[in-house]
Amino acid sequence: MRQTQWIWNILLVGLVALVWIGGVLPEAAVALASPANQNMVTDVTVHLGTEAGDLKFVPDHLEFSAGKRYRLTLDNPSSLKHYFTSKDFADGIWTQKVEAGNVEVKGAIHELELKPGAVAEWVFVPLKAGTYQLKCTVAGHAEGGMVGELAIAP
Ligand SMILES: [Cu+2]
């Protein structure tokens, strides 16, 4: 019947709206609560090691601006595990979340370990200007060249 069809359509639209609000609102709330106070995010990617097995970060120098929001994607294309370690940098930023697989971690993060093939996303807002040393803390890796620099411009 025609009337039944109408009711179904209205129910369907309502359901779609509920799913949309449920998915979008928490994200919007987080964005509003962040110091950046906007939805904009700048994507940056760093590779930990290379497929050929080089001990280095690619790129090994990154520049950020205080107050902007970044999504730093870390991946490990090598067959060794690596660390992304920069304690002073981590102390100078506000971490919104770190996402890896189906897990989302909130709160302060100081170090990330990436196993071969792993990918993680770190969403943060730099706060404290400075130049910070980055290194991989696996024995021998920093000595082998796996170091870098993270700069935050005021
Ligand atoms: Cu390493």
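## Burial of Arg69

A residue is buried if 20 or more other C-beta atoms lie within 10 Å of its own, and partly exposed if the number falls between that and the limit of 12 or fewer for exposed residues. In this predicted model, Arg69 has 20 C-beta neighbours inside 10 Å and therefore counts as buried. Arg69 is placed in the loop that runs between β3 (61-65) and β4. The C-alpha atom of Arg69 is 8.4 Å from that of Asn39, although the two residues are 30 apart along the chain.

## Overall composition

The protein contains 2 helices and 11 strands. Along the sequence these elements follow the pattern α-β-β-β-β-β-α-β-β-β-β-β-β. Of the 154 residues in the protein, 21% are buried. Among contacts with a separation of 6 or more, 74% are between residues 24 or more positions apart.

## The six-stranded sheet

Six strands form an open sheet in the order β2-β1-β4-β9-β6-β7, and the pairing is mixed. The edges are taken by β2 (57-58) and β7 (103-105); each has a single partner strand, so one side of each has no neighbour in the sheet.

Both kinds of pairing are found at β4 (residues 70-75): β1 and β4 run parallel and are joined by 6 bridges, while β4 and β9 run antiparallel, also with 6 bridges. On the β1 side, Thr42 stands opposite Tyr70 of β4, and Val44 stands opposite Leu72 of β4. On the β9 side, Asp75 has Val119 as its bridge partner. In general, strands of a sheet pair through backbone hydrogen bonds, either parallel or antiparallel.

## The two faces of β4

In a regular strand the side chains alternate between the two faces of the sheet. Strand β4 shows this alternation: Tyr70, Leu72 and Leu74 point to one face and are buried, whereas Arg71, Thr73 and Asp75 point to the other face and are not buried.

## Val46 in β1

Val46 belongs to strand β1 (residues 42-48). Which residues does Val46 contact, leaving aside neighbours within four places in sequence? They are Phe57, Val58, Pro59, Leu62, Leu72 and Leu74. Of these, Leu72 and Leu74 are on the buried face of β4, and residues 57-58 make up the edge strand β2.

Val46 has 18 C-beta neighbours inside 10 Å and so counts as partly exposed; the cut-off for a buried residue is 20 or more. The C-alpha atoms of Val46 and Asn76 are separated by 8.8 Å, with their positions 30 residues apart along the chain.

## The nonpolar core

The largest nonpolar core comprises 22 residues, and Leu48, Leu74 and Leu114 have the most contacts inside it. Two or more residues of this core come from each of β4, β8 (111-114), β9 (119-126), β10 (130-135) and β11 (147-153). The largest share, 4 residues, is given by β9. In soluble globular proteins, nonpolar side chains tend to be buried together.

Leu114 touches two other residues named above for their core contacts, Leu48 and Leu74. Beyond four places in sequence, Leu114 also touches Asn76, Lys81, His82, Phe84 and Ala120.

How values were computed
Residues are numbered from 1 along each chain as its sequence is written. This is a predicted model: local features need pLDDT of at least 70, side-chain atom pairs count only at pLDDT 80 or more; totals for chains, interfaces and linings use all residues. Two residues are in contact if their C-beta atoms, placed from the backbone, lie within 7 Å. Two strands pair if DSSP finds at least two bridges between them. A nonpolar core is a set of buried Ala, Val, Leu, Ile, Met, Phe, Trp, Tyr and Cys residues joined through C-beta atoms within 7 Å.
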